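Here are my notes on the structure you sent over, as numbered points. Have the model open while you read.

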Amino acid sequence: MTKIQQQIYTREREGIFSSSTGYSTIAASPGLDKSYIKQTLQPLCAYYPPQSLTNAGIREEEHYPKANLISFTETGELVIGQSVYKESDYTGERETFFSHNYIVPKDRVREYLTSADKLFGELPFRMNYDVSHGKVLNEIDALPVMKPSVQPLNQLLIELGISGKQFKQVIYAILMSMTTKKKVYIS
């Protein structure tokens with residue numbers, strides 16, 4: 001059985017590919033090819049903070065929402081990730097973001113797509129990483145999914161503040177993106 005890989009991306013003193021300051025992958029599992037990380041995974045790492053918070057000068061991390069990612073790569077892997085706002089980088093002065101991705105190999109994607117618990121369960125994403133622990137992340141046998149809290153769809157839609165029609169449009173857009181290989185951004 002092929003293992004699930006991990007990748008971490010943020011602004012740091014140095015990354016896997018560079019010894020200079022800037023945004024880069026700072027740690028990854030050994031099963032990830034360097035060109036795959038650069039060409040496929042790094043472009044998926046992003047965080048766009050709400051303008052209302054940045055315009056108000058709010059820098060406290062707890063006020064910023066998490067950005068979740070579920071994406072299929074051109075080569076068929078499933079990337080499940082999360083990016084979060086960080087009020088300061090390694091210098092303590094500049095705002096940044098931090099991304100942690102799990103990469104499910106192509107031959108194991110079906111295992112996760114056919115199980116709601118595995119796909120919609122809460123994952124323990126890292127919110128920070130100390131580069132002194134090294135640049136290698138563990139390959140894992142299975143996603144460390146925690147049991148999801150399932151609630152009736154109508155209750156969820158009310159909580160999210162969207163109508164049934166809007167929900168169907170989102171689902172349609174997601175399904176179409178899988179067949180057309182186009183990105184869907186949901187805010």
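**Notes on the model**

1. Asparagine 101 is buried, since its relative accessible area is just 2%, and buried here means under 20%. Keep in mind that this is a predicted model. Asparagine 101 belongs to strand β5. Pick out glutamine 6 as well: asparagine 101 and glutamine 6 are 95 residues apart in sequence, yet their C-alpha atoms are 5.6 Å apart in space.

2. Now the second largest pocket, which has a volume of about 190 Å³. Its lining counts 13 residues, and those closest to the centre are Glu12, Lys86, Ser88, Asp89 and Tyr90. Which strand gives the most to this lining? That is β1, with three residues. Both β1 (5–12) and β5 (96–104) supply at least two lining residues each. By character, the lining of the second largest pocket splits into five charged, four polar and four nonpolar residues.

3. On to the salt bridges. How many does a search of the whole structure find? The total is seven. One of them pairs the side chains of lysine 3 and aspartate 141, at 2.7 Å from N to O. Lysine 3 sits in the segment before β1 and aspartate 141 in the loop between α4 (116–120) and α5 (153–160), so this pair ties together parts that are 138 residues apart in sequence. Lysine 3 is partly exposed, at 33% relative accessibility.

4. Next, arginine 59 and glutamate 95 form a salt bridge, and their closest N and O atoms are 3.5 Å apart. This pair also links distant parts of the chain: arginine 59 is in the loop between α2 (51–55) and β3 (67–72), glutamate 95 is in the loop between β4 (78–86) and β5, and 36 residues separate them in sequence. Are these two partners buried or exposed? Arginine 59 counts as partly exposed, with a relative accessible area of 31%, and glutamate 95 is partly exposed too, at 34%.

5. The salt bridge between glutamate 61 and lysine 86 has its closest N and O atoms 3.2 Å apart. Here the partners are 25 residues apart, with glutamate 61 in the loop between α2 and β3 and lysine 86 in strand β4. Glutamate 61 is partly exposed, at 26% relative accessibility. Lysine 86, in contrast, has a relative accessible area of 13% and is therefore buried, the cut-off being under 20%. Lysine 86 is also worth a second look in the pocket of point 2, where it is among the lining residues closest to the centre.

6. There is a small network to check as well: Arg11, Asp89 and Arg94 are joined by salt bridges that share partners. Asp89 turns up in the pocket too, as one of the residues closest to its centre.

7. Over to the surface. Which residues form the nonpolar patch there? They are Phe72, Leu113, Ile171, Ile174, Leu175, Met178, Val184 and Ile186, and together they have about 640 Å² of accessible area. Helix α6 (residues 164–180) provides the largest share of the patch, four residues. Isoleucine 186 comes from the segment after α6. With a relative accessible area of 54%, isoleucine 186 is exposed, because exposed means over 50%.

8. Two helix residues make a handy pair of checks on burial. Tyrosine 112, in helix α3 (residues 109–113), is buried, with a relative accessible area of 1%. Its C-alpha atom is 9.7 Å from that of alanine 142, which is 30 residues away along the chain. Isoleucine 37, in helix α1 (residues 34–41), is buried at 2% relative accessible area. Isoleucine 37 and arginine 110 are 73 residues apart in sequence, with their C-alpha atoms 22 Å apart in space.

9. Last, glutamate 122, whose place is in the loop between α4 and α5. Is glutamate 122 buried or exposed? At 53% relative accessibility, glutamate 122 is exposed. The C-alpha atoms of glutamate 122 and proline 144 are separated by 8.5 Å, and the two residues are 22 apart along the chain.

Notes
Residues are numbered from 1 along each chain as its sequence is written. This is a predicted model: local features need pLDDT of at least 70, side-chain atom pairs count only at pLDDT 80 or more; totals for chains, interfaces and linings use all residues. Side-chain values use heavy atoms; hydrogens and water are left out. Patches are made of residues with over 30% relative accessible area and no salt bridge: like charges are joined within 9 Å, nonpolar side chains (Val, Leu, Ile, Met, Phe, Trp, Tyr) within 5 Å. Accessible areas come from the Shrake-Rupley method with a 1.4 Å probe; for residues, only the protein chains shown count as cover. A salt bridge is a side-chain nitrogen of Lys or Arg within 4 Å of a carboxyl oxygen of Asp or Glu. Buried means under 20% relative accessible area, exposed over 50%, partly exposed in between (1.4 Å probe, protein chains only). On a 1 Å grid over the protein atoms alone, a cavity is a set of points where a 1.4 Å probe fits but cannot get out, and a pocket is an open set with protein on both sides within 12 Å along at least five of seven lines; lining residues have an atom within 4 Å of a point. Grid points are joined across faces, edges and corners, and a volume is the space filled by probe spheres set on the points. Ala, Val, Leu, Ile, Met, Phe, Trp, Tyr, Cys and Pro count as nonpolar, Asp, Glu, Lys and Arg as charged, and the others, Gly among them, as polar.
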